[in-house]
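Please work through the exercises below with the sequence and the model at hand.

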Amino acid sequence: LVIKANIQPGQTVLINDICTGVAQAVYHICRYRSCPVWVVCSVAKRAWVHENLGIELDCIFDSPINPLLRDSVLESTDGEGVDIVVCSSEQSVVAVDFNLLKRFGHFCTVTQSGKRDIFSGTCLQIAAKKHVSVHFCDAIAMLACPRLCEQLQLSVEEGLSSGEVVPLKCRVHHEVESALLAAQNRTHPEA
């Protein structure tokens with residue numbers, strides 16, 4: 001988001017699956033940089049997102065292909081769409097409506113399904129029509145590049161110092177069973 005998409009203050013962002021840790025980190029960076037944000041989460045997590053992240057209810061949607069999301073984004077951006085879409089859920093990235101991205105926007109994903117969609121060419125064919133840059137971050141592969149890891153660590157440390165990066169809320173499980181159940185059910189730390 002910061003290095004590849006070069007997010008700038010005031011740019012518009014759609015974050016798919018705001019309840020993931022990556023998406024919440026992205027949200028805090030966007031908020032710090034005064035970027036208008038629309039988010040996607042399940043209906044069951046909508047109240048948590050509003051109360052804990054402070055996102056207005058009219059900017060929280062239940063599906064990346066919800067026509068109400070499309071209408072809200074397009075109305076707020078004078079029909080242009082958002083500058084950046086961040087996809088952090090394991091659903092197929094092609095489920096994200098590329099029509100919500102403005103021309104020459106950025107699509108960022110950190111998921112294995114995103115990697116599959118990009119390598120299969122599906123995502124690239126759609127993105128090429130709008131001249132959208134596609135960025136995929138594979139954290140495991142990055143470990144093989146010490147210089148990049150150092151750059152990312154420095155960026156995170158600077159972000160923590162400045163307040164741009166906010167530590168995420170978490171729940172500590174003292175029993176393996178409760179941790180596995182939480183992971184299996186994808187329950188939110190505060191749920």
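Three exercises with worked solutions follow.

This is a predicted model, in which local features need pLDDT of at least 70 and side-chain atom pairs count only at pLDDT 80 or more, while totals for chains, interfaces and linings use all residues. Residues are numbered from 1 along each chain as its sequence is written, and side-chain values use heavy atoms, with hydrogens and water left out.

**Exercise 1.** Determine the order of the helices and strands in the protein chain.

Solution. Begin with the definition: helices (H or I, at least four residues) and strands (E, at least two) are DSSP runs, numbered from the N terminus. The protein chain contains eight helices and six strands. Read from the N terminus, their order is β-α-β-α-β-α-β-β-α-α-β-α-α-α.

**Exercise 2.** State what share of the residues in the protein chain is buried.

Solution. Buried means under 20% relative accessible area, exposed over 50%, and partly exposed in between (1.4 Å probe, protein chains only). Of the 191 residues in the protein chain, 40% are buried.

**Exercise 3.** Describe the setting of serine 34 and of phenylalanine 104, each of which has a positive phi.

Solution. Recall that most residues other than glycine have a negative phi. Serine 34, not a glycine, has a positive phi of about 55°. Serine 34 is placed in the loop between α1 (21-32) and β2 (37-40), and its relative accessibility of 54% makes it exposed. Phenylalanine 104, also not a glycine, has a positive phi of about 65°. Phenylalanine 104 belongs to strand β5 (residues 101-109) and is exposed, at a relative accessible area of 56%.
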